[in-house]
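Here are a few exercises for getting to know a new protein. Have a look at the sequence and the model, then work through the steps.

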Amino acid sequence: MKTTILATCALSTLLFISCNSGSSDKNNSAPNNGMEQMETGAQHNETDHMTSGEAHEEHAMLNVKGSCEMCKDRIEKAAKEVEGVSFASWETEKEVLHLNYDPDKTSTDDIAKAVAKAGHDTDKYKADQATYDALPACCKYRN
Ligand SMILES: [Cu+2]
């Protein structure tokens, strides 16, 4: 009996140790991301406010239909999910979406498409009827 208990103890200790070393490996590799900088000029992420002024960015405004705060979240989220978009803010009253984006990576056309796909009409692209119908009642902006 004793040996079984000892063996179980030893086994669980081993498991514990291996779990621990696994997680500390992760921690060690986290700050070690120098590899990502191999691509020149690829270092424009949204959190990089220090260099965003120097980055090749453009500002644009798009007319986007919507009605409430939920629409605002949905529109901004859809725009920000487009690669190259660093800033998106929708004005509820004017129904205008302000954007900062990298023109090498995306275009207002791409962003308008993404916003329309999320359920909001733009000047150029309209939301599918099915997508529009699926919006919550407070978000219905069509008459
Ligand atoms: Cu809404």
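**Exercise 1. How many helices and how many strands make up the secondary structure of the protein?**

Keep in mind that this is a predicted model. Start by counting: the protein has five helices and three strands. Next, put them in order. Going from the N terminus, you meet α-α-β-α-β-β-α-α. Now for the chain as a whole: 19% of its 143 residues count as buried. Finally, take the contacts with a separation of 6 or more; 58% of them join residues 24 or more positions apart.

**Exercise 2. Work out how helix α3 and helix α4 are placed relative to each other.**

Find the two helices first: α3 covers residues 69–80 and α4 covers residues 108–117. Their axes come within 8 Å and cross at roughly 135°. Angles from 65 to 115 degrees count as roughly perpendicular and those over 145 as roughly antiparallel, so α3 is oblique to α4. As for handedness, the crossing of α3 and α4 is right-handed.

Then look at who meets whom. From α3 come Ile75, Ala78 and Ala79, and they meet Ile111, Ala114 and Val115 of α4. Sort the residues of this contact by type and you get six nonpolar, no polar and no charged.

**Exercise 3. Which residues touch the most other members of the largest nonpolar core?**

This core has 19 residues, and the ones you're after are Ile75, Ala79, Leu97, Leu99, Ile111 and Val115. Now ask where the core comes from: α3, β2, β3 and α4 each give two or more residues. With five residues, α4 supplies the largest share. For background, nonpolar side chains in soluble globular proteins tend to be buried together.

Zoom in on Leu99 next. Leaving out residues up to four places away in sequence, Leu99 touches His59, Ala60, Leu62, Ala79, Val85, Phe87, Ala88 and Ile111.

**Exercise 4. What is the sign of phi at Glu95, and where does this residue sit?**

Begin with the general expectation: most residues other than glycine have a negative phi. Glu95 isn't a glycine, yet its phi is positive, at about 55°. To place it, go to the loop between β2 (85–91) and β3 (96–101), which is where you'll find Glu95.

Is Glu95 buried or partly exposed? Count the neighbours: 18 other C-beta atoms lie within 10 Å. A buried residue needs 20 or more, and an exposed one has 12 or fewer, so Glu95 is partly exposed.

Key. Residues numbered from 1 in each chain as written. Predicted model: local features only at pLDDT ≥ 70, side-chain atom pairs only at ≥ 80, totals over all residues. Helix = DSSP H or I, 4+ residues; strand = E, 2+ residues; numbered from the N terminus. Contact = placed C-beta atoms within 7 Å. Axes fitted to C-alpha atoms, helices over the stretch in contact; angles between N-to-C directions. Parallel < 35°, antiparallel > 145°, perpendicular 65-115°, else oblique. Left-handed = near helix turned anticlockwise from the far one by under 90°. Nonpolar A, V, L, I, M, F, W, Y, C, P; charged D, E, K, R; others polar. Core = buried A, V, L, I, M, F, W, Y, C linked by C-beta atoms within 7 Å.
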